[in-house]
Amino acid sequence: VGSYTGNEVVMVDNEESSNDTKTYEITKTSDMTVDMTVPEWGMGMMTIPSFSVKNISLTKSGNSITGKLASYSGTVKNAKGEEKAYTVSDVTLMFSDKTVVATYSLKYGNMPFLMMATFTGNRK
């Protein structure tokens, strides 16, 4: 658990939409689950606010810990204060030493496309 800073790549329709340094927060919710907070993406009218993914189940094998979650849905408020629904699916976290690799798909609001994200970060 903790803050992880590293590279986040977001793909939209098989094209790179963003490639930035970001900080993800991982918090322990039980001995076998964590929550992940994803920082905001994009810019201007295309900004997606920070959002949470809750109750990611963990399994341990040797020195590695893997997290998996099929789907999580929630709502966030955008810059205009409007409620927007989001669904995160196919979440995978892989922890090794002080590194985490997170992959997931995001469907946000009425956007007609799925965004695929990969984040690789190191714990501060």
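At 65% relative accessibility, Asp13 in this predicted model counts as exposed, because anything over 50% falls in that class. Asp13 sits in the loop between β1 (2–12) and β2. What sets its backbone apart is the sign of phi: Asp13 has a positive value of about 55° although it is not a glycine. Most residues other than glycine have a negative phi. Asp90 is another case, with a positive phi of about 50° and, again, no glycine to account for it. Asp90, though, is placed in strand β6. With a relative accessible area of 53%, Asp90 is exposed, since the cut-off is over 50%.

Next come the strands and how they pair. Strand β3 (residues 33–38) lines up with strand β4 (residues 51–61) in the antiparallel sense, and five bridges hold the match. Within this pairing, Thr37 stands opposite Ser52 in β4. On to β5: β4 pairs with it in the antiparallel sense too, over five bridges. Thr59 has Thr66 in β5 as its bridge partner, and Ser61 has Ser64, also in β5. The hairpin of β4 and β5 has two residues between the strands, and here Gly62 takes a positive phi near 65°.

One residue of β4 deserves a closer look, namely Leu58. Its relative accessible area is 13%, so Leu58 is buried, the limit being under 20%. Leu58 and Gly74 are 16 residues apart in sequence, and their C-alpha atoms are 21 Å apart in space.

How many bridges join β5 to β6? The count is 13, and these two strands run antiparallel. As an example of the register, Leu69 has Val91 in β6 as its bridge partner. The hairpin of β5 and β6 has five residues between the strands, and Gly81 in this hairpin takes a positive phi near 85°.

Now for the aromatic side chains. Searching the whole structure turns up seven aromatic pairs. One of them joins Tyr24 and Phe119: the ring centres are 3.9 Å apart and the planes meet at 15°, so the pair is stacked. This contact links distant parts of the chain, with Tyr24 in strand β2 (residues 15–30) and Phe119 in strand β8 (residues 115–123), 95 residues apart. Are these two partners buried or exposed? Tyr24 is buried, and Phe119 is buried as well.

Another aromatic pair, Tyr72 with Tyr86, is tilted, with 6.4 Å from centre to centre and 50° between the planes. Tyr72 belongs to strand β5 (residues 64–77) and Tyr86 to strand β6 (residues 83–96), so this pair ties together parts that are 14 residues apart in sequence. Both partners, Tyr72 and Tyr86, are buried. They also turn up in a wider grouping: Trp41, Phe51, Tyr72, Tyr86 and Tyr104 form one aromatic cluster. Strands β5 and β6, which supply Tyr72 and Tyr86, are also the two joined by 13 bridges.

As for charged contacts, the count comes to one salt bridge. Asp31 forms it with Lys28, and the closest N and O atoms are 3.3 Å apart. Where do the two partners stand in terms of accessibility? Asp31 has 65% relative accessibility and so counts as exposed. Lys28, with a relative accessible area of 54%, is exposed too.

Finally, there is the matter of open space. Rolling a probe the size of a water molecule over the atoms shows where empty space is left. The largest pocket holds about 310 Å³ of space. Which residues lie nearest its centre? They are Met45, Thr47, Asn78, Lys84 and Tyr108, out of 15 residues that line the largest pocket. Sorted by class, this lining comes out as five nonpolar, five polar and five charged residues.

Note on methods. Residues numbered from 1 in each chain as written. Predicted model: local features only at pLDDT ≥ 70, side-chain atom pairs only at ≥ 80, totals over all residues. Heavy atoms only, no water. Phe/Tyr/Trp six-rings, centres within 6.5 Å; stacked < 30°, edge-to-face > 60°. Helix = DSSP H or I, 4+ residues; strand = E, 2+ residues; numbered from the N terminus. Buried < 20%, exposed > 50% of the residue type's maximum accessible area, 1.4 Å probe, protein only. 1 Å grid on protein atoms, 1.4 Å probe; cavity = no way out; pocket = protein on both sides within 12 Å on 5 of 7 lines; lining within 4 Å. Points joined across faces, edges and corners; volume = space filled by probe spheres on them. Nonpolar A, V, L, I, M, F, W, Y, C, P; charged D, E, K, R; others polar. Salt bridge = Lys/Arg side-chain N within 4 Å of Asp/Glu carboxyl O. Pairing = 2+ DSSP bridges.
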